[in-house]
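Student: I have a model open and would like to go through its labels with you. Could we check what each one rests on?

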Amino acid sequence: MYIREKNEEIIENVISTALISAMEKGDFQVETLPEIMLEVPREKEHGDYATNIAMLLPKLAKKAPRVIAQSIVDNAMIDDTPIKSIEIAGPGFINFRLKDQWLDEVVTQIHEMGNDYGKTTGHRGKTYNLEFVSANPTGPMHMGNARGGAIGDILASIAQWTGYEVTREFYINDAGNQIEKFGDSLDVRFRQLMGEDIPFPEDGYQGEDITEHMQTFIEEEGGTDACARYMQMEEAQRKEIFVQRCLKLNISKMQKDLETYGIHYDVWFSEQSLYENKDIEKALTLLKESGDTYEEEGALWFATTKYGCEKDDVLVRNNGLPTYFLGDIAYHLNKFVTRGFDRCINVWGADHHGHIARLKAAMTATGVDAHRLDIVTMQLVRLMRDGETVRMSKRKGETVSLVDLIEEVGKDAARFFFNLRSPDSHFDFDLGLALEQSNDNPVFYVQYAHARICSILRQMEEEQPQSDLNLTLLKEPEEKSLMLRLSTLPEEIIIAEEKMDPSRLTRYAIDLASDFHSFYNACRVRVDDEGLRNARLALIQATRTVLKNTLTLLGVEAPERM
RNA sequence: GCGCCAAUAGCUCAGUCGGAUAGAGCAACGGCCUUCUAAGCCGUGUGCCCGGGGUUCGAAUCCCUGUUGGCGCGCCA
């Protein structure tokens, strides 16, 4: 159990025990006690913890806040606890101060736990599916996918650290209209390369990659003469060949690029497989059994409005083909029912937020508790160049690809940068700033802290520190601040998981690095005083562990030298 | 028109289960390297927390309303 957690539990116990004995003595009387809330005061002068309980009671107890607070303080038993003092302040806050020793215990605990420091077991035994990126396999991945990748992968790591058994999953949209368009685009480019004068479809994929695919194809098949036989084929058959081949190439390219980005998926799930395994039909049967489907104008509808949505949605078109919506329902039933995940989280672009309610509705209708499904919506990245917005369109082929970005700024900077702001905040990516390798990039600041520590440790290895560790020698404010920061990693991870906001960890890393740099400038580690030297050595070793653990969660390297 | 998300320092953003004097980075200015990496540290100041109502001991935070911006509202995905 973590020290902070233990302290908080003790303080809460002290408060509730004090409340009960105060009431037994007749100081005041209430029917039901409100939940005891502890907060960490912004001002250090207000102690380590504060509670507002005495300000919540007056309405029920008919006594003034400070009177109630006094009564609580009078009845508080703090002997043999880590609590140093209790006082009443302001309008009725009760402030708690802890004995200094608790911070020393944090350092000791970090040494004991090492790479596991920060892990908790609250969700042990539960399975967690995280689906993210899921870019269309019809072309290269762009900057939006880069943000989704960083958010999803880090969220997955965070979930693992809170005890979940996590599966990272990529949903391949290898069925439906996009694929049709992909085939059309490939086919027309092929025929153009073969010398036919035909116009390119208005809504086709105009990217260079389509043409390059077909150029490679023709080369590999032995040139235009050898490819003449493809021109003789039925169009549909030819397209099928092109699609199969190029889809495979695109998918393996995505796998490779995502690995470069530090993301490894456990499952690549094919939309097409939902058709082959009859999952679509099974989903349809379940939906029909719910009684919330009906036929109209030749299509099959799902009465989404029954679940509070704005309008009903089509499941099967009047041409007999399932919609993407039905496919998505089947996919999620596969996750929840067939594979039995306890929780499923999807990272979606905010432009898909309209689908959240209806997907949840479909889960409810088919008997899946919709609370098990969560969607993290991510505001799309707005690309800025020379102070102006650049519109990106995959269809027109106007993209800055994920690969280009990683080549320019590196995996670490890209991941760090995309995870700097909460997913729901609009995010401007300034190309000029990102493509020049600038020191403004905060990832260097954090990595530098780690490298600095390693440098000191290298020099001290030869100097053979003695045992007899006495952490009470760490008294400087910079030392205390650093220790305090070290103590909060476990709860930061828990909160990041609860709020599904991985950017909190990035900011934690920056704050921790900042506390270390301040310490570094204020306190020298390699001092003559052996006791102090040992204590500071222990502190920076603990700091290195915590920095390393945080960077590991973020998927960013922790360099030993810079 | 309806729905979702946002609006906080010059800029980019934290803070939002209601708490004590609203924070950080960047930008500006001034200091700190004969001492463990100056990719660092320290200091200086700036806010009608978008406007207007309401709820209460207390509101950037909750409710209502208006404004502005992004996105969505297809038998596309």
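Tutor: Happy to; we will take a helix, a strand and the RNA surface in turn, keeping in mind that this is a predicted model.

Student: What makes helix α15 largely enclosed by the rest of the structure?

Tutor: A residue counts as buried under 20% relative accessible area. Seven of the 10 residues of α15, which spans 356–365, are buried, so the helix is largely enclosed. They are Ile356, Arg358, Leu359, Ala361, Ala362, Met363 and Ala365.

Student: What covers those buried residues of α15?

Tutor: The cover includes helices α13 (279–289) and α14 (324–338), along with strands β9 (299–302), β10 (313–316), β11 (343–349) and β12 (373–378). After α15 comes Gly367, with a positive phi near 85 degrees.

Student: How do you know that strand β5 is covered on both faces?

Tutor: Five of the five residues of β5 (127–131) are buried. In a regular strand, side chains alternate between the two faces of the sheet. Here Thr127, Asn129 and Glu131 belong to one side, Tyr128 and Leu130 to the other, and all are buried.

Student: Why is β5 called a partner of both β6 and β11?

Tutor: Pairing takes at least two bridges between the strands. β5 has five bridges to β6 (165–172), running parallel to that strand, and four to β11, also parallel. Since both counts meet the cut-off, both strands are called partners of β5. Leu130 stands opposite Arg168 in β6, while Tyr128 faces Arg343 in β11.

Student: Which elements make up the β-α-β unit, and what is its hand?

Tutor: The unit consists of β5, helix α6 (143–161) and β6, and it is right-handed.

Student: Now the RNA. What makes a residue part of the surface near strand B?

Tutor: One of its heavy atoms must lie within 4 Å of the strand. There are 60 such residues, and the closest are Arg317, His355, Tyr445, Tyr448 and Arg452. Of the RNA atoms that come within 4 Å of the protein, 60% belong to sugar and phosphate. Helix α19 (442–461) gives the most to this surface, with eight residues.

Student: How do you know that Asn52, Ser422 and Ser455 make polar contacts with RNA strand B?

Tutor: The cut-off for a pair of N or O atoms is 3.5 Å. A side-chain N or O atom of Asn52 is 2.9 Å from a base nitrogen. Polar side-chain atoms of Ser422 and Ser455 reach phosphate oxygens at 2.8 Å and 2.5 Å, respectively. Each distance is within 3.5 Å, so each pair qualifies.

Terms used:
Residues numbered from 1 in each chain as written. Chains lettered and ligands numbered in written order. Predicted model: local features only at pLDDT ≥ 70, side-chain atom pairs only at ≥ 80, totals over all residues. Heavy atoms only, no water. Buried < 20%, exposed > 50% of the residue type's maximum accessible area, 1.4 Å probe, protein only. Helix = DSSP H or I, 4+ residues; strand = E, 2+ residues; numbered from the N terminus. Contact = heavy atoms within 4.5 Å. Polar contact = N/O pair within 3.5 Å; in protein donor to acceptor, adjacent residues only side chain to side chain. Right-handed = clockwise from strand over helix to strand, strands pointing away.
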